[in-house]
Amino acid sequence: MHVVATAGHVDHGKSTLVRALTGMEPDRWEEERRRGLTIDLGYAWTTLPSGAEVAFVDVPGHERFLGNMLAGLGPAPVVCFVVAADEGWQAQSGDHRDAVAALGIEHGVVVLTRADRAPGRTGEVLAQVRAELAGTGLRDAPVVTVSALEGTGLAELRAALDEVLTRGPAPDEGRLRLWVDRSFTITGSGTVVTGTLTTGSLRQGDRLHLLGHEGTVPVVVRGMHSRNVPHTALEPYARVALNLRGVSAADVRRGDALVTPGTWPLTGVLDVRRSIGPAFSDTAGHLVVHAGTAAVPARLSPFDDEHARLVLDRPLPLVLGDRLVLRDPGSRAVLGGAQVLDADPPGLGRRGDRARRAARLAGMDVRGDVLVEVSRRGAVRAQHLHRLGLLPDGAAAPPAGVHVLGDWWVHAPALESWTRRLRTAVDELHARDPLAAGLSRGAARDLLGLPDAALVEPVVRGAGLAQDGGHIRSPHHHGGLGAHENAVLELERRLGAEPFRSPEADDLAALRLGARELAAAERTGRLLRLRDGVVLLPTAPALAMRELAGLPQPFTTSQARQALGTTRRVAIPLLEHLDARGWTRRLDAGHRTVVR
C-alpha cells in the first residue's frame, strides 16, 4: 500500500482527478458535493497497472481550510501537486508549495489538469510551475498533463505514479506513531480513528497509548481496516481505520497520536532550525505549529536567524529530524518551516546561555550526534536516546568516549570526574575522622549528583575504592583509633584476663569509649559487640564453645553462665550469638545443645 496526498490551489481539479483515478467520491460531506468545494480531508483508493495499491488523501485548496490541508499533507510521504492549465499558478499553489517544502517531501508527481480548457497554454504553465517548485523536493518531479473530464492523460499519470512510488521513501517499520485525522463512533463497534500509518506496524490486540488533548490514555486495538477491508496486521505505508477500546470518540481529536508505550518522548519545548521562510529573528512571537495532523499554538524565541526555541501549548511526540510547518495565527498563509534539532533541550538560566546554545545548534548535525548529547547530560539512558531519535532500533555500539554502565551511557570525562571527586571525598573523610566507617552510598550519590543509585557501584569500582556494610572506604584504610588506642588496649588487657566479664557502662565511660569508638574497634577486629551493650574480645565465642562442649548435653542457661563464670547479662547475648552462628541450638525456653 502507498499513500499519496493531493496539493494545489482551490478549484484546480484535485477532487475531480482523484475521482477519475479511483472511481470513488473523495468528498465526504453533502455540503462539499453541493458546493463543489473540498472542506475537509477526503479519502479514496485504487490499484495501479503494476498492481500497487494506492490510497489518496484529498486535501482542501481554499485558504480558509489551510489547517485541514496541512493535516492531510503532514503525514503523507508522496504528493500529487495539481495546477490547472487554464489558470496557472495561483495564491494557494504557493501556500501548498511552501508546505511541501517545509515538510521536506521529495517524492511526487506534478499534474497539469483541465488541459482541455487551455490547449495552447500547457508549455507556458509548465515553465511557471517548474520555476515555482525549483526550491522544493519536487523540482525534478515528473509532469503529466491530463483532462479528467475527457479521460486523457490518466494512463500516463497512473504510469508516472507507479514509477514515483517505486522510488518513494522506504517505510519505517520501527516504533509506531500514527497521527489521528478523524474520530467517530460506529454503532456496535464503538470508537474508530483513522490516519496514515507511516512508521511502525500494527497488530490486532496491540496495547497503545493515545497521546493528545486529554493526556495519555491506554487503549487496545480491537480491530482494523484498510480500504474497507479488515486486517489483523498492517505495515507502513497504509491508510488505516482502527477500532479502539478504552476511549470514547468524543475524547479523541485530530492531532492526537497513537504510539507504542514508552517509545516516544512527549515534549513541549523544542530547539529547531529554519528550513524555509523569513529569518527567525524577524518572526519572534506567537505562532501555530503544524506537526503530523496536529496544530498547536506556540511561542517562538530566536537564538539567531536560523535557530530558535519553540515552546508548545501542549506537548507532542516529536523527535530529532521531525519537520514542522509554521503559521502566523492571524494569517491564512504558511509562514515558514522548521526541523527539530533537539526534543529535550537544556534550560537557559545563566548569562550567556543563549549565545552558547546558538553556537551549539549552528554546528549540530540534523541526523544527531550521540557523543554531543551524552556529553551534555553526563549520563543518559540508552532508552532515552532511542526515544529522542538519536539511536536506531536494536542494539547500538556507543561512540568512542562513552562508557556503558548497565543501561546508562556515560561520558568518559564525566565518569573520570566522578571517580576523582569520590576518591578525594573518601580520603578527606579518613583524614578528618579516622573512626568513620567511610562514606555512605547515599552520601556518595548526593555528592556526585548521580541520576541513579545503580551508578554508585561502577563509580566505586572505577575509583578503586572498597565497600563494607554500605560504606565506601579506601582499600588501604582499615580504621584507626587515634587518641583512643590506649583505652582499647586497656580493655583488651582486662578481657584477656577475664574473657567473659564484659565492662559495664560506667567502665566504658571512664575509658572514654563511646559507640563510635567501639564500632571503629570492632571494624578493625579488636572487639566484638553483642546486644545490650555487651563487649567482648573476638575470641570469646570460641573460648565459650570449649567450656560448653564439656557440659552434659543439653545444658541450661544457668549451667552455661556458671561454666563461663559470668553474669546473665553477658551469658544470654553470648548464647544467642552462638545460636546465630549455628554452633549451638536452642531446644526450648531453658535448654540448648552444642551442635556437633
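In the predicted model, P77 touches V3, I105, H107, P169 and Y237, when residues up to four places away in sequence are not counted. P77 is found in the loop between helix 3 and strand 4, and at 12% relative accessibility this proline counts as buried, because the value is under 20%. The C-alpha atoms of P77 and V4 are separated by 6.9 Å, although these two residues are 73 residues apart along the chain.

One of the contacts of P77, Y237, is found in the loop between strand 13 (233-234) and strand 14 (238-245). The peptide bond from P236 to Y237 is cis, with omega near -5 degrees. A cis peptide bond also leads from Q553 to P554, here with omega near -10 degrees, and P554 lies in the loop between helix 16 (540-549) and strand 30 (555-556).

Most residues other than glycine have a negative phi, and most peptide bonds are trans. Positive phi values in residues other than glycine are found at R114, where phi is about 55 degrees, and at N228, where phi is near 65 degrees. R114 lies in the loop between strand 5 and helix 5, whereas N228 is found in the loop between strand 11 (215-226) and strand 12 (229-231). With regard to accessibility, R114 counts as buried at 12%, while N228, at 64%, counts as exposed. A positive phi of about 70 degrees is also taken by G104, a residue placed just after helix 4.

The largest nonpolar core has 34 residues, and those with the most contacts inside this core are L73, F81 and V129. Two or more residues are given to this core by each of strand 1 (2-7), helix 3 (66-73), strand 4 (78-84), helix 4 (91-103), strand 5 (108-113) and helix 5 (122-132). For L73, the contacts beyond its neighbours within four places in sequence are with A5, T6, V59, V79, H96, A99, V100, L103 and I105. A second core, separate from the one just described, comprises 32 residues and includes L326, V340, V370 and L391.

Helix 4, one of the elements that contribute to the largest nonpolar core, has 13 residues, of which twelve are buried, so this helix is largely enclosed by the rest of the structure. The buried residues are Q92, S93, G94, D95, H96, R97, D98, A99, V100, A101, A102 and L103; among them, H96, A99, V100 and L103 are also contacts of L73. The length of helix 4 agrees with expectation, because at 1.5 Å a residue its 13 residues should span 18 Å and its end C-alpha atoms are 19 Å apart.

Two further helical positions may be set side by side. L154 lies in helix 6 (residues 154-166) and is buried, with a relative accessible area of 8%, whereas A355, which is found in helix 7 (residues 353-362), is exposed, with a relative accessible area of 55%. Leaving aside its neighbours within four places in sequence, L154 is in contact with L17, A20, L21 and V146. The C-alpha atoms of L154 and H209, residues that are 55 apart along the chain, are separated by 42 Å. For A355 and F303, which are 52 residues apart along the chain, the separation between C-alpha atoms is 7.1 Å.

Two packed helices are described by the angle between their axes and the distance between the axes. Helix 17 (residues 557-564) and helix 18 (residues 568-581) pack at an angle of about 110 degrees, and their axes are 10 Å apart. Helix 17 is therefore roughly perpendicular to helix 18, because the angle falls in the range of 65 to 115 degrees. On the side of helix 17, the contact is made by T557, A560, R561 and L564, and on the side of helix 18 by R568, A571, I572, L574 and L575. The residues of this contact divide into six nonpolar, one polar and two charged.

Conventions:
Residues are numbered from 1 along each chain as its sequence is written. This is a predicted model: local features need pLDDT of at least 70, side-chain atom pairs count only at pLDDT 80 or more; totals for chains, interfaces and linings use all residues. Side-chain values use heavy atoms; hydrogens and water are left out. Helices (H or I, at least four residues) and strands (E, at least two) are DSSP runs, numbered from the N terminus. Buried means under 20% relative accessible area, exposed over 50%, partly exposed in between (1.4 Å probe, protein chains only). Contact means heavy atoms within 4.5 Å. A nonpolar core is a set of buried Ala, Val, Leu, Ile, Met, Phe, Trp, Tyr and Cys residues joined through side-chain atoms within 4.5 Å. Axes are lines fitted to C-alpha atoms, for helices over the stretch in contact, and angles run from 0 to 180 degrees between N-to-C directions. Angles under 35 degrees count as roughly parallel, over 145 as roughly antiparallel, 65 to 115 as roughly perpendicular and the rest as oblique. Ala, Val, Leu, Ile, Met, Phe, Trp, Tyr, Cys and Pro count as nonpolar, Asp, Glu, Lys and Arg as charged, and the others, Gly among them, as polar. The expected span of a helix is 1.5 Å times one less than its number of residues.
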